[in-house]
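Subject: Structure for your review

Dear colleague,

Please find below the structure that I am handing over to you. My findings follow directly after it.

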Amino acid sequence: MSVGGDRKLLGRWGETLVAEDLRKKGCTILAAGWHCRFGEIDLIASDGIYLRFVEVKLRRDPHFAQAREFVDARKQEKLRLSAQLYLAENPTDLQPRFDVAEVYAPEGLDTRRPEIIYLENAFS
């Protein structure tokens with residue numbers, strides 16, 4: 001498998017871990033890997049109060065940089081535009097919010113206990 005393919009598989013695995021974690025906390029996953037012309041939203045979840053647009057970042061090496069650092073201003077703008085389109089297509093009374101989930105998995109898919117750090121309202 002190519003390096004890009006490995007990275008994509010690892011990313012999807014991280015998204016699955018975060019989706020399971022959100023479900024355990026009472027959230028409903030409304031969409032995973034939602035695509036539009038502006039980009040992709042990894043997870044869209046509802047907790048009955050907030051409509052969470054979740055960007056998942058998985059890193060093998062936590063010493064290089066925190067995963068949240070990779071959600072830069074350009075990425076945030078793409079997420080905002082994508083969320084606006086999602087809301088136009090799926091009106092709701094829920095309060096929209098942008099969250100970032102950091103997943104640290106030093107051994108990749110072989111990591112027994114990946115660490116998830118969930119940042120609520122990470123940017124506006």
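In this predicted model, Arg 97 and Glu 120 form a salt bridge whose closest N and O atoms are 3.9 Å apart. Arg 97 belongs to strand 4 and Glu 120 to strand 5, so the salt bridge ties together parts that lie 23 residues apart in sequence. Glu 120 is partly exposed, at 48% relative accessibility, whereas Arg 97 is buried, with a relative accessible area of 6%. Arg 97 also meets the side chain of Asp 99 in a salt bridge, at 2.8 Å from N to O. Asp 99 is buried as well, its relative accessibility being 0%.

The strand that carries Arg 97 deserves a description of its own. Strand 4 covers residues 95–104, and 8 of its 10 residues are buried, so the rest of the structure largely encloses it. Strand 4 pairs with strand 3 (residues 50–59) in the parallel sense over 10 bridges; within this pairing, Leu 51 has Pro 96 as its bridge partner. With strand 5 (residues 115–123), strand 4 pairs in the antiparallel sense over 6 bridges, and here Glu 102 is matched with Ile 117.

The salt bridges number 9 in total. Another of them joins Glu 40 to Arg 12, with the closest N and O atoms 2.9 Å apart. This pair links distant parts of the chain, since Glu 40 is in strand 2 and Arg 12 in helix 1 (residues 3–24), 28 residues apart. Arg 12 is partly exposed, at 31% relative accessibility. Through shared partners, salt bridges join Arg 12, Glu 15 and Glu 40 into one network.

Glu 40 is also among the contacts of Lys 75, together with Glu 55 and Phe 70, when neighbours within four places in sequence are left aside. Lys 75 lies in helix 2 (residues 73–89) and is partly exposed, with a relative accessible area of 22%.

Turning to the nonpolar residues, the largest core has 17 members, of which Trp 34, Ile 41, Ile 44 and Phe 53 touch the most other members. Strand 1 (28–36), strand 2 (39–46), strand 3, helix 2, strand 4 and strand 5 each supply at least two residues of this core, and the largest share, 4 residues, comes from helix 2. A second, separate core of 16 residues includes Val 18, Leu 22, Ala 45 and Val 103. Beyond its neighbours within four places in sequence, Ile 44 has contacts that include Leu 51, Phe 53 and Tyr 86.

With kind regards

Technical notes: Residues are numbered from 1 along each chain as its sequence is written. This is a predicted model: local features need pLDDT of at least 70, side-chain atom pairs count only at pLDDT 80 or more; totals for chains, interfaces and linings use all residues. Side-chain values use heavy atoms; hydrogens and water are left out. Buried means under 20% relative accessible area, exposed over 50%, partly exposed in between (1.4 Å probe, protein chains only). Two strands pair if DSSP finds at least two bridges between them. Contact means heavy atoms within 4.5 Å. A nonpolar core is a set of buried Ala, Val, Leu, Ile, Met, Phe, Trp, Tyr and Cys residues joined through side-chain atoms within 4.5 Å. A salt bridge is a side-chain nitrogen of Lys or Arg within 4 Å of a carboxyl oxygen of Asp or Glu.
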